[in-house]
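Got the viewer open? Let's take a walk through this one, a stop at a time.

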Amino acid sequence: MQKNITTGFAAINDVLVGGFALGSLCEIYGDEGVGKTSVAVSISKEHSVGFIDMDQSLPAQLVEWLGDSENLIVSYP
């Protein structure tokens, strides 16, 4: 049985059949303002996963809120 990382959002977990596959690379994309960053940051904060901010738009207030977390990995290309 494959382990999944749940997103914390039931509707997204349903679409992903339980969440993101452990050990996989996932891209979250969509229109501006739909919550992509919120989902990615939420998952990154709760699990040991990376967050790659492709357009370097992670708001400073959000970075401050995230603080130091041993689970959070933020990368800029």
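## First stop: the largest pocket

Switch on a surface and look for the largest pocket, which holds about 830 Å³ of space. To land in the middle of it, select Cys 26, Ile 28, Ala 40, Phe 51 and Ile 52: of the 28 lining residues, these are the closest to the centre. One thing to keep in mind as you click around: you're looking at a predicted model.

Now colour by element. β2, α2 (36-46) and β3 (49-52) each give at least two residues to the lining of this largest pocket. Which element supplies the largest share of the lining? Select α2, which contributes 5 residues. If you colour the lining of the largest pocket by class instead, you should get 15 nonpolar, 8 polar and 5 charged residues.

## Second stop: the second largest pocket

Next up is the second largest pocket, with about 250 Å³ of space. Select its lining: Ile 12, Val 15, Leu 16, Phe 20, Glu 27, Ile 28, Tyr 29, Gly 30, Val 34, Gly 35, Lys 36 and Val 39. Here the elements that give two or more residues are α1 and α2. By class, this lining divides into 8 nonpolar, 2 polar and 2 charged residues.

## Zoom out: the whole chain

Hide the surface and go to cartoon view. You'll find 3 helices and 4 strands in the chain. Follow the ribbon from the N terminus and the elements run β-α-β-α-β-α-β. The chain has 77 residues, and 21% of them are buried. If you like contact maps, take the contacts with a sequence separation of 6 or more: residues 24 or more positions apart account for 30% of them.

Then colour by confidence. The mean pLDDT of the chain is 76, and 77% of the residues reach 70 or more. Where among the elements is the mean pLDDT lowest, and where is it highest? Strand β4 (residues 72-75) is at the bottom with a mean of 60, while α1 is at the top with 88.

## Third stop: Thr 7

Select Thr 7, in the loop between β1 (4-5) and α1 (10-15). Is Thr 7 buried or exposed? Its relative accessibility is 2%, so Thr 7 counts as buried; the cut-off for that label is under 20%.

Show side chains and pick out two polar links. The side chain of Thr 7 reaches the backbone nitrogen of Phe 9 at 3.0 Å. It also makes a polar contact, at 2.9 Å, with the side chain of Asn 13. To see who else is around, add the residues Thr 7 touches, leaving aside those up to four places away in sequence: Ile 12, Asn 13, Leu 16, Phe 20, Ser 42 and Ile 43. Two of those names make good next clicks.

## Fourth stop: Asn 13 and Leu 16

Start with Asn 13, which sits in helix α1. Asn 13 has a relative accessible area of 14%, so it is buried. Setting aside residues up to four places away in sequence, Asn 13 touches Thr 6, Thr 7, Gly 8, Gly 18 and Gly 19.

Then hop to Leu 16, in the loop between α1 and β2. With a relative accessible area of 32%, Leu 16 is partly exposed. Try the distance tool here: from the C-alpha of Leu 16 to the C-alpha of Thr 6 you should read 9.1 Å, for a sequence gap of 10 residues. Leu 16 may look familiar, as it was in the lining of the second largest pocket.

## Fifth stop: Val 17

Now select Val 17, also found in the loop between α1 and β2. What is there to see in its backbone? Phi of Val 17 is near 55 degrees, a positive value in a residue other than glycine. As for the surface, Val 17 is exposed, with a relative accessible area of 67%.

## Last stop: Glu 46

Finish on Glu 46, in helix α2. Glu 46 is exposed, with a relative accessible area of 56%. Bring out the distance tool once more and go from Glu 46 to Thr 6: these residues are 40 apart along the chain, and their C-alpha atoms are separated by 9.7 Å.

Notes: Residues are numbered from 1 along each chain as its sequence is written. This is a predicted model: local features need pLDDT of at least 70, side-chain atom pairs count only at pLDDT 80 or more; totals for chains, interfaces and linings use all residues. Side-chain values use heavy atoms; hydrogens and water are left out. Buried means under 20% relative accessible area, exposed over 50%, partly exposed in between (1.4 Å probe, protein chains only). A polar contact is a pair of N or O atoms within 3.5 Å; within protein, one must be able to donate a hydrogen and the other to accept it, and residues adjacent in sequence count only if both atoms are side-chain atoms. Contact means heavy atoms within 4.5 Å. pLDDT is the predictor's confidence in each residue, from 0 to 100. On a 1 Å grid over the protein atoms alone, a cavity is a set of points where a 1.4 Å probe fits but cannot get out, and a pocket is an open set with protein on both sides within 12 Å along at least five of seven lines; lining residues have an atom within 4 Å of a point. Grid points are joined across faces, edges and corners, and a volume is the space filled by probe spheres set on the points. Ala, Val, Leu, Ile, Met, Phe, Trp, Tyr, Cys and Pro count as nonpolar, Asp, Glu, Lys and Arg as charged, and the others, Gly among them, as polar.
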